[in-house]
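Trainee: Hi! Could you walk me through this protein model? I'd like to ask things as they come up.

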Amino acid sequence: IDFVIESIYRICLALDYIHFNNIVHRDIKPDNIMINAENNVIKLMDFSCASRTTDLASDKTGSAPYMAPEIHNAGNLIDVQSDIFSLGAVMYELLSGERAFPGEDPLSCVYKVIHDAPVPLHKTRQDITENLELIVNRALEKNPEDRYQSVLDFADALQGIKKQAGPASNKQKGKDDHYLIFRKDAFFKNFSPDQVKELMDAGEVKLYADKEVILKEGTDNNTFYLILQGTVRVLKGRQQIRKLGEGECFGEMSYLTDAKTTANIMARGDVMIWGVTPGLLETLSCKSQLGFQNAFIEMIVQRLTRGTSDIARMQQMLHKASQNKKDNT
């Protein structure tokens, strides 16, 4: 089971790359997934049936037991949800040893894909957990809107199972797990998968335990930090002045000006941080550097906007309190 979960998880990352480029594979099946066990490599093969996401389902390209129901309606667009259905059928087969939609010929397979639900996984083997069965069932929903809306969502669900199965320590996350966290973070929404990997390599991912000091006030540090998971406390002395959560940043002023840090940053629970310096960013491609600067500016503008709104609300509260005092007098 662990091997199946890891394999499907990594195929999701491969599909994420092609889906980002508006390509649908259209023929995901066991025959097109190759494994090099010696080098721990899993590859998605054979793009002879691939098409653009803007193409209509005008032909029934694919393999009948793994083709999504909507492929058989010529008026539908080919979309990423069809690949998710096919991958769900592969996962079902790997776990059960039987096809989700078996048939004596392609037409009987197609009928079952469109009309029948597969035999429940827990009836094919007893060690299937309820959560794992729910993941497979969602990938195999007849209606595309009821499936995972992206392979990143599919991968995220699988990662949850991986956490339950393995040691609870986040420090055992692999590079693929970090990649998924980066890809789903709003800061990287406009970056291609290749650019995300570039930024991962340029910066450094660090993990902190509860109450661990991440950054000390008054130190020289020109690193920009992005919170990937968890929450941090911003302290002035011992006084907490604010909290920052996933997708938020700190250290931006020191990154811009080389000024000393003006607050202490402390982990609140387990925290995952990505940090990068201007020097490391210079090693990126021009496109990735420009993308980072755009995302950085957007984040700073959002923070300034929130800060302005907070000041306005505070002024309104002070004015109201002052008015109430006058009225009471």
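Trainee: Let's start with Glu298. Is Glu298 buried, exposed or partly exposed?

Mentor: Glu298 counts as partly exposed, because its relative accessible area is 33%, and the limits for that class are 20% and 50%. Keep in mind that this is a predicted model.

Trainee: Got it. Which side chain does Glu298 meet in a salt bridge?

Mentor: That would be Lys189, with an N to O distance of 3.2 Å. Lys189 is partly exposed too, at 48% relative accessibility.

Trainee: And where do Lys189 and Glu298 lie in the chain?

Mentor: Lys189 is in the loop between helix 6 and helix 7 (193-202), while Glu298 is in helix 10, so this salt bridge ties together parts that are 109 residues apart in sequence.

Trainee: Nice. How many salt bridges are there?

Mentor: The count comes to eight. Another one joins Asp220 and Lys260, whose closest N and O atoms are 3.1 Å apart. Asp220 sits in the loop between strand 6 (213-215) and strand 7 (224-236), and Lys260 in the loop between helix 8 (252-257) and strand 10, 40 residues apart.

Trainee: How accessible is Asp220? And Lys260?

Mentor: Asp220 is exposed, at 60% relative accessibility. Lys260 is partly exposed, with a relative accessible area of 47%.

Trainee: What about Arg147 and Glu70, are they buried or exposed?

Mentor: Both Arg147 and Glu70 are buried. Their side chains meet in a salt bridge, at 2.8 Å from N to O. Arg147 belongs to the loop between helix 4 (130-139) and helix 5 (151-165), and Glu70 to the loop between strand 4 (51-52) and helix 2 (80-96), 77 residues apart.

Trainee: Changing topic: how many aromatic pairs does the structure hold?

Mentor: There are 17 aromatic pairs. A good one to look at is Phe182 with Trp274: the ring centres are 5.8 Å apart and the planes meet at 80°, so this pair is edge-to-face.

Trainee: Why does 80° make it edge-to-face?

Mentor: Because plane angles over 60 degrees are put in that class. Phe182 lies in helix 6 (residues 175-184) and Trp274 in strand 10 (residues 264-276), so the pair ties together parts 92 residues apart in sequence. Phe182 and Trp274 are both buried.

Trainee: Which residues do ring pairs link into a cluster?

Mentor: The cluster takes in Phe182, Phe187, Phe188, Phe191, Phe224, Tyr255, Trp274, Phe292 and Phe296. There's also a charge over a ring elsewhere in your view: the charged end of Lys197 sits over the ring of Tyr179, 5.5 Å from the ring's centre.

Trainee: Okay, now the inside. How many residues are in the largest nonpolar core?

Mentor: That core has 70 residues, and Ile8, Met91, Phe154, Phe188, Phe224, Trp274 and Phe292 have the most contacts inside it. Helix 1 (residues 2-20) provides the largest share, nine residues. Apart from this core lies another one of 14 residues, including Ile214, Val234, Ile265 and Val271.

Trainee: What does Ile8 touch, leaving out residues up to four places away in sequence?

Mentor: Ile8 touches Leu87, Val90, Met91, Leu94, Phe154 and Leu158.

Trainee: I also clicked on Ser288. Buried or exposed?

Mentor: Ser288 is buried, because its relative accessible area is 0%. You'll find Ser288 in helix 10 (residues 286-328). Setting aside neighbours within four places in sequence, Ser288 is in contact with Phe191, Gln195 and Glu198.

Trainee: How about cysteines? How many disulfides does a search of the whole structure find?

Mentor: Zero. As for single cysteines, Cys49 counts as buried at 17% relative accessibility, whereas Cys286 is exposed at 66%.

Trainee: One more residue: where does Glu204 lie, and what does it touch?

Mentor: Glu204 is in strand 5 (residues 204-208). Not counting residues up to four places away in sequence, Glu204 touches Ile273, Trp274 and Gly275. The C-alpha atoms of Glu204 and Val276 are separated by 6.6 Å, though these residues are 72 apart along the chain.

Trainee: Last one: how many helices and strands does the protein have?

Mentor: It comes to 10 helices and 10 strands. Of the protein's 329 residues, 43% count as buried.

Methods:
Residues are numbered from 1 along each chain as its sequence is written. Side-chain values use heavy atoms; hydrogens and water are left out. A nonpolar core is a set of buried Ala, Val, Leu, Ile, Met, Phe, Trp, Tyr and Cys residues joined through side-chain atoms within 4.5 Å. Buried means under 20% relative accessible area, exposed over 50%, partly exposed in between (1.4 Å probe, protein chains only). Helices (H or I, at least four residues) and strands (E, at least two) are DSSP runs, numbered from the N terminus. Contact means heavy atoms within 4.5 Å. Rings of Phe, Tyr and Trp (its six-membered ring) pair if their centres lie within 6.5 Å; planes under 30 degrees apart count as stacked, over 60 as edge-to-face and the rest as tilted. A charge sits over a ring if NZ of Lys or CZ of Arg is within 6 Å of the ring centre and within 35 degrees of the ring normal. A disulfide is a pair of cysteine sulfur atoms within 2.5 Å. A salt bridge is a side-chain nitrogen of Lys or Arg within 4 Å of a carboxyl oxygen of Asp or Glu.
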